[in-house]
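Let us take a walk through this model together, one residue at a time. Please keep the viewer open as you read.

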Amino acid sequence: MELTLETLGLAESAQLLSLSAPGWGANLLRGLANSLKIAFGAFGFGVLIGLFGAYGKLYGGPVIRDLLAIYTTVIRAVPELVLILILYYVGTDLINKAAGAMGYGRIEISGVVAGIWVLGIVQGAYSTEVLRGAIKAVPPGQIEAARAFGMPPIMIMWRVTIPAMMSFATPGLANLWLIATKDTALLAIVGFSELTLETRQAASSTRAYFTFFLAAGGLYLMVTLCSGVVFGWIEKWARRGQPSLRGGRG
Amino acid sequence: MITFKSFLQPHRIVMMALFGAVVLWCALSLRWDWLPKYAPLALEGLWTTIWIMVVTTVLGFVLAVPIGLAQAIGPWYLAMPARVFCTIIRGTPLLLQIWLLYYGLGSLFPQFPWIRGSELWPYLRQAWPYAVLALTLSYAGYEGEVMRGAFSGVVKGQLEAAKSFGMRRFTMFRRIWLPQAIRNVLPTLGGETILQLKATPLVATITVIDIYAVSSRVRSDTFIVYEPLLLLAVVYMVIAGLITLAFRRFENMVPR
């Protein structure tokens, strides 16, 4: 193993990336864990917003519908980086004002929570559109049938709409998840120690830029490829019982 | 289509009045005294943002056509690298790509004396070539995937008709295949161009002074947080709106 690394001229890189003390591997993995935590949280928060947003856009009154249209249009037209800064400052300001009003001192907000809040709101706009399209694709007869059985609205949503729309929503949601993992890199600019920032710190203190940036790229790519496989399973599960898109045998 | 009449519903009039009140409040009670001092710099930054966006979009599209073509009909030794390129570009954050090129290549180049001695060295010492390269590759990666679908989506009969007229392959590509493929993906192209606009502020992290960098500078110079950011958001929204309008005009121009 060591001999092959030696002959390939990669011994130095391997040493830099090793998990124990002189190497920076542990830092990168910690950054990756932080990135994934934020991505999971933001994706979940975004889907939650998206679900309410989609219902509001489809069944809400004219005011709610217009407000949601403004929300999705603005969020999708302004760069994520600018939104992250605005939401970050607004969020910390609001929390500190609230804390001040209740008599507490300044509160330090953890990077993970702030990241989830900021990216979640951005993701919410996109998932509103994805879920709205998916809910509209559910045959209306199914929802009418549930209504005819006397199901309350929440139960209809839980038992009929959500399971039936899953197969339409999965490709869009998979895309959003990939965007979420990549958008966590933007939090490096606000100073959260997620993968990209950890990589930059490691790279600038060892001057081995290529080694570390390529290693981080490899980690991101692994996340992307693994997510592709997992979402493939989810889609297969969501489409169970429906005729296959490929070929004539359904 | 939004008509003027649809704006005259009562709740919309109330909302517009509220919106006007908010704008008025912003104009009167927020601090805008920094604006005259930074206006020239902001215009320069705006120009940088726009030219970087336009140049990288055009170059990226030019690069995306062969990438899409290679994936759609190329032999495996062309299709495979093209697919790997698209997967890598789409699977890693753009910020990481920009930093890899800027810091990586930027630290590699000075080690070679013949690069330092070359005519290009004065440019390679600046940040914008790396920004343009990274954004171009990113657009090409995303668009290559779109163009693959577009090229495979053109109806076979059209190409067969061209062939039966005795058109040469390149003429056929130029006159039939490419125009139809582009027509089919015009709406997607508009969306991707807005995404490209939204990617440009990342170049501020490698010291290119675009409009985003100017707003950061105002924030760090004057400690005014919200005003520059709000103005920045408005500027980006206006540019995105203009792109949408331009692409809508394109779409109306091409015959369906």
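Arg12(B) has a relative accessibility of 22%, so this residue counts as partly exposed, since buried would require a value under 20%. The model is a predicted one, and in it Arg12(B) forms a salt bridge with Asp66(A), with 2.6 Å between the closest N and O atoms. This pair crosses between chains: Arg12(B) belongs to helix α1 of chain B, residues 10–29, while Asp66(A) belongs to helix α4 of chain A, residues 62–77. On the other side of the bridge, Asp66(A) counts as buried because its relative accessibility is 13%.

How many salt bridges does a search of the whole structure find? Over all chains, there are eight. Another one to look up is in chain B, where Arg217(B) pairs with Asp221(B) and the closest N and O atoms are 3.9 Å apart. Both residues sit in helix α10 of chain B (residues 211–222), and their four-residue spacing is about one turn of the helix. Arg217(B) is partly exposed, at 40% relative accessibility, and Asp221(B) is partly exposed as well, at 42%.

Salt bridges can also share partners, and in this way Lys57(A), Glu129(A) and Arg132(A) are joined into one network. Within that network, Arg132(A) bridges to Glu129(A), and the closest N and O atoms of the two are 3.5 Å apart. Why are these two about one helical turn apart? Because they are three residues apart in helix α6 of chain A, which runs over residues 111–137. With a relative accessible area of 28%, Arg132(A) is partly exposed, whereas Glu129(A), at 19%, counts as buried.

Now let us turn to the annotated part of chain A. An unreviewed UniProt entry carries the annotation "domain: ABC transmembrane type-1" for residues 32–231 of chain A. In the model, that span is 84% helix and 0% strand, and its end C-alpha atoms lie 20 Å apart.

Ser35(A) is a good place to stop along the way. This serine lies in helix α3 of chain A, residues 25–59. Is Ser35(A) buried or exposed? Its relative accessibility is 3%, so Ser35(A) counts as buried. Leaving aside residues up to four places away in sequence, Ser35(A) touches Thr184(A), Glu194(A), Leu195(A) and Tyr220(A). With Leu195(A) there is a further detail to inspect: a polar atom of the Ser35(A) side chain lies 3.2 Å from the backbone nitrogen of Leu195(A).

Next comes Leu10(A), found in the loop between α1 (2–8) and α2 (11–17) of chain A. Leu10(A) counts as partly exposed because its relative accessibility is 40%. Its C-alpha atom is separated by 9.5 Å from that of Thr211(A), although their places lie 201 residues apart along the chain, counted as a sequence separation.

Our last stop is on the surface of chain B. Which residues form a nonpolar patch there? They are Trp76(B), Tyr77(B), Leu78(B), Met80(B), Val84(B) and Ile88(B), and together they have about 670 Å² of accessible area. Val84(B), one of the members, is located in helix α3 of chain B, residues 76–91. At a relative accessible area of 41%, Val84(B) is partly exposed.

Notes. Residues are numbered from 1 along each chain as its sequence is written. Chains are lettered from A and ligands numbered from 1 in the order in which they are written. This is a predicted model: local features need pLDDT of at least 70, side-chain atom pairs count only at pLDDT 80 or more; totals for chains, interfaces and linings use all residues. Side-chain values use heavy atoms; hydrogens and water are left out. UniProt positions are given in the numbering used here, feature names are shortened, and annotations may be inferred rather than shown by experiment. Buried means under 20% relative accessible area, exposed over 50%, partly exposed in between (1.4 Å probe, protein chains only). A polar contact is a pair of N or O atoms within 3.5 Å; within protein, one must be able to donate a hydrogen and the other to accept it, and residues adjacent in sequence count only if both atoms are side-chain atoms. Contact means heavy atoms within 4.5 Å. Patches are made of residues with over 30% relative accessible area and no salt bridge: like charges are joined within 9 Å, nonpolar side chains (Val, Leu, Ile, Met, Phe, Trp, Tyr) within 5 Å. Accessible areas come from the Shrake-Rupley method with a 1.4 Å probe; for residues, only the protein chains shown count as cover. A salt bridge is a side-chain nitrogen of Lys or Arg within 4 Å of a carboxyl oxygen of Asp or Glu.
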